[in-house]
Amino acid sequence: MMKPLFKILIGILVLFIFIYTGIPFEVQNPKIESIFRILSFTLIFFLLFTLFKQVKKLNHSLLKFTTYVTLGLLSLLFIFGAIWNNIIVFEKNERNSWNNMQIYTNEKGTKIIRQIRETSGSIYDYRDRLVIFEFDKNNRISINTNLKDHRETWTIEDGKNN
């Protein structure tokens, strides 16, 4: 019983890491970005499917019920996230595109990009992305981060011209 429970706990931890980091691909071409989003969500839903299969192996009914509810809520969260983030986006516009506001670079060459997106009318979303690999200025692999957690000295570049 401990082996399936351990696998479930590790899987739930991985899902929370996915929630925290976000989809790591930022691609200018909306069709390619849609493919990457579909692949990312396919990986997540495959992990959820595997975890639901592991729950069947648990013997304790209360533990089984608790893990089913937890995985069900996580599944709903990912389904709503998939719908909210427009899995298939064939046209980029100001409503579904993140625009670079500022680019922070430290002495080591680490980049954090502060981005903005118009959600609805005068409501905007903001995020900071730690760049892991950059193909060019608009195509990169990055994860969510909080600039306040990084204590380095940063050089700030205006990203609005991009």
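What follows is a walk through the structure above, from its sheet to its helices and a few side chains. Keep in mind that this is a predicted model.

Let's begin with the sheet. Six strands make it up, and it is open, with the order E1-E5-E4-E3-E2-E6 and antiparallel pairing. At the edges sit E1 (25-26) and E6 (155-158), each of which pairs on one side only. As a reminder, strands of a sheet pair through backbone hydrogen bonds, in either a parallel or an antiparallel sense.

Now zoom in on E3, which covers residues 111-120. In the strand order, E3 sits between E4 and E2. Seven of its 10 residues are buried, so the strand is largely enclosed by the rest of the structure.

Take the E2 side to start with. Strand E2 (residues 99-105) runs antiparallel to E3, and six bridges join the two. If you want to check the register, look for Asn99 opposite Ile116 in E3, and for Thr105 opposite Lys111 in E3. The two strands form a hairpin with five residues between them, and in the turn you'll find Gly109 with a positive phi of about 95°.

On the other side, E3 pairs with strand E4 (residues 123-136), again in the antiparallel sense, over eight bridges. Here Glu118 stands opposite Tyr124 in E4. This hairpin has two residues between its strands, and Gly121 takes a positive phi near 55°.

One residue of E3 deserves a stop of its own: Gln115. Is Gln115 buried or exposed? Its relative accessibility is 1%, and since anything under 20% is classed as buried, Gln115 counts as buried. Its side chain has polar company all the same. One polar contact, of 2.7 Å, joins it to the side chain of Glu26, and another links it to the side chain of Arg127, at 2.7 Å. Leaving aside residues up to four places away in sequence, the residues that Gln115 touches include Trp98, Asn99, Asn100 and Met101, as well as Asp125, Tyr126, Arg129 and Arg140.

Next come two helices. H2 runs over residues 30-55, and at 1.5 Å a residue its 26 residues should span 38 Å; the C-alpha atoms at its ends are 37 Å apart, which agrees. Its buried residues are a mix that includes Phe41, Ile44, Leu48 and Leu51, but also Glu33, Arg37 and Gln54.

H3 (residues 61-84) passes the same kind of check: the 24 residues should span 34 Å, and the end C-alpha atoms are 34 Å apart. Buried along H3 are Thr67, Leu71, Leu74, Ser75, Phe78, Gly81 and Ala82.

Between H2 and H3 there is a loop, and His60 is found in it. At 42% relative accessibility, His60 counts as partly exposed. Its side chain reaches the backbone nitrogen of Leu63 at 3.2 Å.

Finally, the aromatics. How many aromatic pairs does the structure hold? There are five. A pair of aromatic rings is described by the distance of the centres and the angle of the planes. For Phe133 and Phe135, the ring centres are 4.8 Å apart and the planes lie at 75°, so the pair is edge-to-face. As for accessibility, Phe133 counts as partly exposed at 46%, whereas Phe135 is exposed, with a relative accessible area of 55%.

Key:
Residues numbered from 1 in each chain as written. Predicted model: local features only at pLDDT ≥ 70, side-chain atom pairs only at ≥ 80, totals over all residues. Heavy atoms only, no water. Buried < 20%, exposed > 50% of the residue type's maximum accessible area, 1.4 Å probe, protein only. Helix = DSSP H or I, 4+ residues; strand = E, 2+ residues; numbered from the N terminus. Pairing = 2+ DSSP bridges. Expected span 1.5 Å × (residues − 1). Polar contact = N/O pair within 3.5 Å; in protein donor to acceptor, adjacent residues only side chain to side chain. Contact = heavy atoms within 4.5 Å. Phe/Tyr/Trp six-rings, centres within 6.5 Å; stacked < 30°, edge-to-face > 60°.
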